[in-house]
Amino acid sequence: MKTLDELYARIDALGMEGGWHRKQPSLWPEPRANFLPAQWRYADVKPILEAAGHLVDHELAERRNLTLTNPLPGNGYATVRTLVAAYQSIKPGERALSHRHTPNALRIIVEGRGTYTVVNGTRVEMRPGDVLLTPSWHWHSHEAIGPDECFWVDVLDVPLVHLLEPMFFERHPDRCEPVRENVESCPLAFRWEDSLQRLDAAFGAPADAMSEREIELGEPAMKTVAIHVQRMGEDFASPEHRSTANAVFTVIEGAGRTCIGDKEFAWQRGDVLAVPAWQPYRHRVSKNAHLVRVSDEPVMRAFDWLRQR
Ligand SMILES: [Fe+2]
């Protein structure tokens, strides 16, 4: 080996790369904000789910859901790097069979009464504004008794599980797990009326000033996922903020506009916004609003990677 080209050819042939001669850098000064700002409007999605209700049999579909795929070229699934969000519907008389998986999941109820979820044998009603958890490896099924078709937003840490690879999934051997108890409240169900009461009692704005009041559901809600409920009054305008945490926002009520990176989105009830890590964003509210922010903050915190600016 007399030349650098010969040296690199030998290194390459052994499946190695010189650290001084990388084709792609492995370290960079700050996060690259790869995933793109994005929005999905409930007004667009609801008619599609209603049409799917006539065309897609629930037993066949297992879950009638529409995943929100970030427009990042090459991405076919995730909403932000570590999280996937989906809209889901269930009609009276339908049942989504029991299964369990290693990914953590939660649902944020947008509309409809009379749907129940069963988590590890505990059956609880899901009502608009409620947030329900199905932590890793908990059996869960859903059942709509009526009167309404029910619509909600799911958020799961499946893309993180894809990255780290500990994916396990199984269907319940009896199709539906037996109901052990019916409850009005349980630690896995955060009631909207309780969230409103806690927001009423919350003192002052959060440190990041991104809302007027903020509460956290759980401490955190699940090992990989944090959930914050935010309140902003009409005419609220936030500063610009960025975080290493990846986030998905769901609009429970109100209206406003959010700039994320170089994009601006006008939002209203039921809409979902993708705020990927390190994208600068700011809100302007035009009608009293409540947002639910789901993020991977616990992951960032666990490894001392949570940075905000
Ligand atoms: Fe599931």
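Modeller: Let's begin with one definition: a residue is buried if 20 or more other C-beta atoms lie within 10 Å of its own, exposed if 12 or fewer, and partly exposed in between. Please keep in mind that this is a predicted model.

Colleague: Thanks! Is Ile-260 buried or exposed?

Modeller: Find Ile-260 in strand S16, which covers residues 247–260. There are 24 C-beta neighbours inside 10 Å of Ile-260. The cut-off for the inner class is 20 or more. Therefore Ile-260 counts as buried.

Colleague: Which residues is Ile-260 in contact with, leaving aside its neighbours within four places in sequence?

Modeller: Contact here asks for C-beta atoms within 7 Å. With the neighbours within four places in sequence set aside, the partners of Ile-260 are Pro-37, Phe-265, Leu-273, Val-275, Gln-279 and Tyr-281.

Colleague: How far are the C-alpha atoms of Ile-260 and Phe-190 separated?

Modeller: Along the chain, these two residues are 70 residues apart. In space, the separation between their C-alpha atoms is 28 Å.

Colleague: Let's step back to the whole protein. Which radius of gyration does it have, and what would a compact globule have?

Modeller: The C-alpha trace spans about 80 × 50 × 35 Å along its principal axes. A compact globule with 309 residues would have a radius of gyration near 19 Å, and the value for this protein agrees with that. So the pair you asked for is 22 Å for the protein and, for the globule, near 19 Å.

Colleague: What percentage of the residues count as buried?

Modeller: The protein holds 6 helices and 19 strands. Among its 309 residues, the share that counts as buried is 41%.

Colleague: What share of the contacts with a separation of 6 or more comes from residues 24 or more positions apart?

Modeller: Here we take the contacts in the protein with a separation of 6 or more. Of these, residues 24 or more positions apart account for 74%.

Colleague: Which residues touch the most other members of the largest nonpolar core?

Modeller: In soluble globular proteins, nonpolar side chains tend to be buried together. The largest nonpolar core in this protein has 72 residues. Those touching the most other members are Leu-83, Ala-85, Leu-106, Val-248, Phe-249, Val-292 and Val-294.

Colleague: Which domains give at least three residues each to this core?

Modeller: The protein is divided into two stretches, 42–190 and 195–302. The core draws at least three residues from each of them, that is, from domain 1 and domain 2.

Colleague: Which strand gives the most to the side of domain 1 that touches domain 2?

Modeller: Across the two domains, 22 residues of domain 1 are in contact with 24 residues of domain 2. On the side of domain 1, the elements giving two or more residues are strand S5 (105–111), strand S8 (131–134) and strand S10 (150–156). The one that gives the most, with 3 residues, is S5.

Colleague: Now the open sheet of 6 strands. Which are its edge strands?

Modeller: The order in this sheet is S11-S4-S9-S6-S7-S12, and the pairing is mixed. An edge strand pairs on one side only, and here this holds for strand S11 (169–171) and strand S12 (181–183).

Colleague: What is the bridge partner of Thr-122 in S12?

Modeller: Strands of a sheet pair through backbone hydrogen bonds, either parallel or antiparallel. Strand S7 (residues 122–126) and S12 run parallel and are joined by 3 bridges. In S12, Thr-122 is partnered by Glu-181.

Colleague: Where is Pro-147 found?

Modeller: The peptide bond leading from Gly-146 to Pro-147 is cis, with omega near 20°. Follow the chain and you meet Pro-147 in the loop between strand S9 (140–144) and S10.

Colleague: Is Asp-304 buried or exposed?

Modeller: Asp-304 lies in the segment after helix H6 (297–302). Its phi is positive, near 60°, although Asp-304 is a residue other than glycine. Because Asp-304 has 7 other C-beta atoms within 10 Å, it is exposed.

Methods. Residues are numbered from 1 along each chain as its sequence is written. Helices (H or I, at least four residues) and strands (E, at least two) are DSSP runs, numbered from the N terminus. Two strands pair if DSSP finds at least two bridges between them. The radius of gyration is taken over C-alpha atoms; the globule rule is 2.2 Å times the number of residues to the power 0.38. A nonpolar core is a set of buried Ala, Val, Leu, Ile, Met, Phe, Trp, Tyr and Cys residues joined through C-beta atoms within 7 Å. Domain bounds come from an automatic or database domain assignment.
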